[in-house]
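Work through the exercises below with the sequence and the 3D view open. Try each task before you read its solution.

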Amino acid sequence: MNNLPIFKYQPKAYDVGVFKKVPAQNCSICNKETDYIYTGPFYSIDEVDNVCPWCIYEGTVTKQYNGVLQAAVEYKDKLLSVTYDDESNEYLYFIGYDEVEPFQDDKLEELLFRTPGYISWQEPQWLSHCDEFCAYIGYVNKSELSAMKIDLRDEELFAIKENYGIDTLDQVSEDSGIHLFQCLTFGQHRIHIDHT
Ligand SMILES: [Zn+2]
Ligand SMILES: [Zn+2]
């Protein structure tokens, strides 16, 4: 595990199922030998297989395939998505359904193009807090979440009510998955509920 990159927004990347441990093989991009290949989301026109963690970390994959690693991210309190347009040969940025000018933002760039996504049933959304993207902690069910005894702040309970129409976590159905995030600044937890 020594020679593996650590991702700021995906600190547990090797435990959450987006990299698969494999018998040593060569990365399809850098051709270096790797024990892990990326199996998380990747949005591009061409399919890409057998990519090592370093090619995710350094942005080589997204650059070479004009891809994006995240479906949607919370950015400036809005839901932002980015797709590559092969007619204009550039990335298009959307807030909701409206196209906007591309944002020049190092943190956004790191999340979209150099951070492994996460696996979910529905479209993944990357949450933010304190004007910064959160770290992805993992996928839990309701009982696992309550066993973690995480205190969600009132503001988060309010956001959950807004987004999912439920008043307490007790109302989350047993077969929903919960994606847990944590603020990198103060450690507050946020959740994204995924319906199976
Ligand atoms: Zn590689
Ligand atoms: Zn925060």
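Two exercises follow, on a metal site and on a domain contact.

This is a predicted model, where local features need pLDDT of at least 70, side-chain atom pairs count only at pLDDT 80 or more, and totals for chains, interfaces and linings use all residues. Residues are numbered from 1 along each chain, ligands are numbered from 1 in the order written, and side-chain values use heavy atoms, without hydrogens and water.

**Exercise 1.** Find which residues coordinate the zinc ion (ligand 2).

Solution.
- Step 1: look for donors (N, O and S atoms within 2.8 Å of the metal, or 3.2 Å for Na, K and Ca; water is not among the atoms, so sites may look incomplete).
- Step 2: H129 (ND1), C130 (SG) and C183 (SG) coordinate the zinc ion at 1.9 to 2.2 Å.
- Step 3: write their spacing in sequence, H-C-x52-C.
- Step 4: check accessibility (buried is under 20% relative accessible area, exposed over 50%, partly exposed in between; 1.4 Å probe, protein chains only). H129 is buried at 15%, and C130 is partly exposed at 37%.

**Exercise 2.** Describe how domain 1 and domain 2 meet.

Solution.
- Step 1: take the bounds from the domain assignment (automatic or from a database): 19–126 for domain 1 and 129–194 for domain 2.
- Step 2: their C-alpha centres lie 24 Å apart.
- Step 3: state the buried area (accessible area, 1.4 Å probe, lost by two parts on being put together, summed over both). About 1100 Å² is buried, with 57% from carbon and sulfur atoms. K107, Y118 and W126 supply 46% of domain 1's share, more than any other three residues.
- Step 4: count salt bridges (a side-chain nitrogen of Lys or Arg within 4 Å of a carboxyl oxygen of Asp or Glu). The domains share 2. R190 and E74 form a salt bridge at 2.8 Å, N to O.
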